[in-house]
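Visitor: Please take me closely through one part of this model, with its surroundings, and give the cut-off behind each term as you use it.

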Amino acid sequence: MATPDAAEAFKHALTTFLRRILYPYQRRWLAMLGTGRDVAVLGSRQRGKDWLIALWIALRLVTTGEEWHVVSASEPHAKKMLLDVKMHLDALRAIASRVGYTLPAVKVGSVVAHSATGATCYSHAATGRSVVGMRGSIVLNELSALRSADAQALYEAAEPIVTNARHNGRRAQMVILTNATRAGHWLQSAWEGDTFDGWERDRLTWVDAVRELGWDAERIAAEEAVVRRRAGPAGWRRWYMCEFTAGGDGYLSDVLDEARYASLPPESA
């Protein structure tokens with residue numbers, strides 16, 4: 001059994017490690033998650049949102065008995081989420097071993113991770129049945145990849161699960177991580193309306209992110225010119241500046257939202 005000194009040493013080593021590897025905005029998101037409140041992040045592409053939520057899930061698996069469900073846009077995305085969780089668990093074990101601390105065992109499969117603490121995390125593809133029978137905390141990952149009606153239906157099915165868990169005295173959170181959508185999508189009305197009132201919220205554009213990383217104005221302007229040329233005007237505004245853009249004015253802006261995503265077969269859930 002781990003001693004209190006070993007536990008404190010692990011916490012100190014983990015804190016030092018996270019301060020070193022996390023970007024400033026990722027540290028902010030981790031702090032938001034730590035409040036226990038619902039969290040919504042509207043972020044530009046490739047800012048490490050998935051990586052950060054996988055770290056959060058890994059930490060909850062070894063420190064709590066909670067149940068978490070991560071709902072992603074596609075089957076490959078859902079499977080990758082648990083691979084990322086396993087990667088973080090391996091890193092946590094390496095840190096713990098250096099200070100003589102033993103973490104609870106966690107078995108990570110293709111669709112679920114089970115911890116010796118009693119905690120679980122299920123990773124689902126986004127379908128109408130994804131949230132049926134869920135309980136506990138729910139992460140809705142990349143609602144922007146879903147059609148407006150599907151994103152709304154998924155949120156409306158998940159919200160009472162989290163709310164009722166809290167009403168029953170259990171800790172539960174709703175977490176939404178997403179890019180912007182085309183104008184008129186349900187996510188736009190939710191973000192700009194009162195749906196997320198009282199939530200911990202963050203909007204991170206590409207410019208905000210690189211500025212937090214210490215880029216100077218000259219570098220930002222030079223790189224922005226390159227990205228704007230490659231992504232096109234609508235792509236730049238939507239994927240990099242977190243704006244809800246009108247359809248039809250970008251290279252892929254219409255095509256992406258019309259994509260159909262493969263779902264996990266019922267027997268693998």
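Guide: What follows is a close look at one helix, then at a cavity and at some loop residues.

The model is predicted, and accordingly local features need pLDDT of at least 70 and side-chain atom pairs count only at pLDDT 80 or more, whereas totals for chains, interfaces and linings use all residues. Numbering runs from 1 along each chain as its sequence is written, and side-chain values use heavy atoms, with hydrogens and water left out.

As a frame for the helix, the protein has 9 helices and 8 strands, where helices (H or I, at least four residues) and strands (E, at least two) are DSSP runs numbered from the N terminus. Of its 269 residues, 50% are buried, a word that stands for under 20% relative accessible area, with exposed for over 50% and partly exposed in between (1.4 Å probe, protein chains only).

The part to look at is helix H2, residues 24–34, in which Tyr25, Gln26, Trp29, Leu30, Met32 and Leu33 are buried. These residues lie on the same side of H2, because they cover an arc of only 155° around the axis, the arc being that of the directions from the helix axis to the C-beta atoms. In general, an α-helix has 3.6 residues a turn, so residues three or four places apart point the same way. The cover over the buried residues of H2 includes helix H1 (4–21), strand E1 (39–43), helix H3 (49–63), strand E7 (174–178), strand E8 (200–204) and helix H7 (206–212). After H2 comes Gly36, with a positive phi near 85°.

Two residues of H2, Trp29 and Leu33, also belong to the lining of the largest cavity, together with Val39, Val41, Lys49, Leu52, Ile53 and Leu177. A cavity is here a set of points on a 1 Å grid over the protein atoms alone where a 1.4 Å probe fits but cannot get out, and lining residues have an atom within 4 Å of a point. The count comes to 1 cavity of 30 Å³ or more, and the volume of the largest is about 50 Å³, a volume being the space filled by probe spheres set on the points, which are joined across faces, edges and corners. H2, E1 and H3 each give at least two residues to this lining, with the largest share, 3 residues, coming from H3. By class the lining has 7 nonpolar, no polar and 1 charged residues, where Ala, Val, Leu, Ile, Met, Phe, Trp, Tyr, Cys and Pro count as nonpolar, Asp, Glu, Lys and Arg as charged, and the others, Gly among them, as polar.

The loop that joins E1 to H3 holds Gln46, which has a positive phi of about 60° although it is not a glycine; Gln46 is exposed, at a relative accessible area of 70%. Glu142, in the loop between strand E6 (137–141) and helix H5 (148–167), also has a positive phi, near 60°, without being a glycine, but Glu142 counts as buried at 12% relative accessibility.

Definitions and conventions:
Contact means heavy atoms within 4.5 Å. On a 1 Å grid over the protein atoms alone, a cavity is a set of points where a 1.4 Å probe fits but cannot get out, and a pocket is an open set with protein on both sides within 12 Å along at least five of seven lines; lining residues have an atom within 4 Å of a point.
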